[in-house]
Amino acid sequence: MARIVFIGVGDVELTRRVLSALMLAPALRGELEVVLHDDDPGRLATTETLVRALGTEAGADAKIRSVFDRRQALRGADFVVSHLDVGGFEATLRDFEIPHRYGLRQTIGDTIGIGGVFRGLRTIPVLVELAGQMAELCPQAWLLSSTDPMAMTGWAVHEATGFERFAGLCHSVCDTHAYLADLVGRDEDEITFLSAGLNHQSFVLRFEAGGRSLYPELDAVIAADAQLRRHVRVELYRTFGRFPTQSSEHAAEYVPWIMRHPEETARLGVPVEEYLRRVGQSLHLYEETRRALSAGHKLLIRWQHQEPAAAMILALLTGEEKEIYVNVPNRGLIGNLPGQACVEVPALVGSGGVRPRAVGDLPVQLAALNRTFLNVVELTVRAVLDGERAHVYQAAMLDPNTAATLPLPAIEALCDELIEAHGDLLPAAVRR
C-alpha cells in the first residue's frame, strides 16, 4: 500500500483537494493508507472525519488513521505532504499589526517582506526538523511541501539536512498558464509553456502555439482592456518583458515602487492587508466544512485541476509521466542564479523519478529581480542556520518594500519589537 502522511492538517481545503484526487484514482483503490498528524487535536479530529467521508464517497477502501506522535506517523511513509503554519493566526496578526504601526504596508506577507522574514524565522526550524526526522525514519519517502516561504524553507532544508527527496509544490505556475490561455482565447493544451524562476516570482519564458509566440496576442488583449492594464502583474510584464506567475497581490510587495505609495496601490487596485481577509475566509471555510460533515453533505471534489501534490504522487506511483513544476535546489538548473538557491522549474515525474529540467540563463532583467528577492531569502536562512540576529535586521534592510518605506533605525526597532512579540516561536539564538 502507498502510505501518505499529512503533517499539518489545518488547511482542510488543501487536504480535501489532494485526497479527492488520490481516492478517485483507480490505481489506488484498496492500496491507499492515509496517516494524519497535527498538534491541534480538534483540527486533527475534524480532518479525520473529513478524510473518512471522502473515502466512503469515493469507494476508495483506504486505511485512515490519526497519529499524535510525529515520529510514529512518519515511520513507513512513502510520501509526506506538509503544510505548516507555525504560530497560526495570532503570529500572522502580529506580522501585520506591528509593521502597520510603523507605516509599513503589506498585502500577503508570507514570502519576503517583513512578514515573510518572520514567517521564515518561525517555519525554517520546524521544517528542517521534519526533514531530519524523515532522513532517519523514512529516508526513501518524498517530502512534498506547500509551506511558505518556500524559497527560504527549501534552501534551509537542503543545506541543513542534506535530505534530497524534497520538492516544494505550488499551483501558481499552472494557474497562470490557465489564465494566459483564457486571456488569448485558446485551449491550454495547444500552448507550449515554459516558466522558471523562484516560487512566487517565476516568469513565463515561452508562451507559444505552432512555434509562434503568443505574446503579441496577449499585448493586443492588454491594449484593448484598460482594467487589465491596472494589474500589478501586467505592469511588471510590460516593464520586464515576461509575464510573472504570481498574483498581483503578492507581486506588489516584492518591489519597491508600489506599497509605500497610496496613490499607486489605489491605481493598481492592490488590497492592503489582504492576507488577513484570506485567513478569515480560511477559518470560515473550516467551520463550514465541520457543518457540512455534521449534515452528511458530499465533499468529494470530482472535477478539478489536479493539486500538484496529488499529481506528483500519482505520477510516481503509476509511472505515468507528467510535467510538474517543482521547487528544488538550483545546481545549475538556472545558470544565472546561485547554485544553492531553491528554484522553480518544470520536472518530468514518472517511472524515471523526478527529473528537473535545466532551463539555462534567465533574461538578465529577470535574474536581477530574482537576485533582489534572494538577498532577503539568503539572509533569513543564514539568520536561522547560523544563529545570527544581525542577519534578521539585514534581511529586512534589503527587502524592497521595507527599505523603500522605513529608515534604518525604524527597521531595526521594528525587528526588535517583532522578535520580542514572537518570543519562543523564534530560534533562541535570534532572540538573544
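The radius of gyration is taken here over C-alpha atoms, and the rule for a globule is 2.2 Å times the number of residues to the power 0.38. The figures below show a predicted model.

**Figure 1. Overall fold of the protein chain.** For 432 residues, a compact globule would have a radius of gyration near 22 Å, and the 21 Å of the protein chain agrees with this. The C-alpha trace spans about 60 × 55 × 45 Å along its principal axes. The protein chain contains 18 helices and 13 strands. Of the contacts between residues at least 6 apart in sequence, 71% join residues at least 24 apart.

**Figure 2. Interior, surface and charges of the protein chain.** Buried residues account for 56% of the 432 residues. The protein chain exposes about 17,100 Å², of which carbon and sulfur atoms supply 50%. The protein chain carries 42 positive and 56 negative charges, and the mean positions of these two groups are 2 Å apart. A search of the whole structure finds 26 salt bridges.

**Figure 3. Salt bridge between Arg186 and Glu217.** The closest N and O atoms of Arg186 and Glu217 are 3.0 Å apart in this salt bridge. The pair links distant parts of the chain: Arg186 belongs to the loop between α7 (172-183) and β7 (192-198), whereas Glu217 belongs to helix α8 (residues 215-223), and the two are 31 residues apart. Because buried means under 20% relative accessible area and exposed means over 50%, Arg186 at 23% is partly exposed. Glu217, with a relative accessibility of 22%, also counts as partly exposed.

**Figure 4. Salt bridge between Glu217 and Arg212.** Glu217 also forms a salt bridge with Arg212, in which the closest N and O atoms are 3.3 Å apart. Arg212 has a relative accessibility of 44% and therefore counts as partly exposed.

**Figure 5. Salt bridge between Arg278 and Glu249.** In this salt bridge, the closest N and O atoms of Arg278 and Glu249 are 3.8 Å apart. Arg278 lies in helix α12 (residues 274-294) and Glu249 in helix α10 (residues 248-251), so the salt bridge ties together parts that are 29 residues apart in sequence. Arg278 is partly exposed, with a relative accessible area of 29%. Glu249 counts as partly exposed at 22% relative accessibility.

**Figure 6. Network of Arg186, Glu190, Arg212 and Glu217****.** These four residues are joined into one network by salt bridges that share partners. One of the residues with more than one partner is Glu217, which forms salt bridges with Arg186 and with Arg212.

Technical notes
Residues numbered from 1 in each chain as written. Predicted model: local features only at pLDDT ≥ 70, side-chain atom pairs only at ≥ 80, totals over all residues. Heavy atoms only, no water. Helix = DSSP H or I, 4+ residues; strand = E, 2+ residues; numbered from the N terminus. Buried < 20%, exposed > 50% of the residue type's maximum accessible area, 1.4 Å probe, protein only. Contact = heavy atoms within 4.5 Å. Areas by Shrake-Rupley, 256 points an atom, 1.4 Å probe, with all protein chains shown as cover. Lys, Arg positive; Asp, Glu negative; His and termini not counted. Charge placed at Lys NZ, Arg CZ, Asp CG, Glu CD. Salt bridge = Lys/Arg side-chain N within 4 Å of Asp/Glu carboxyl O.
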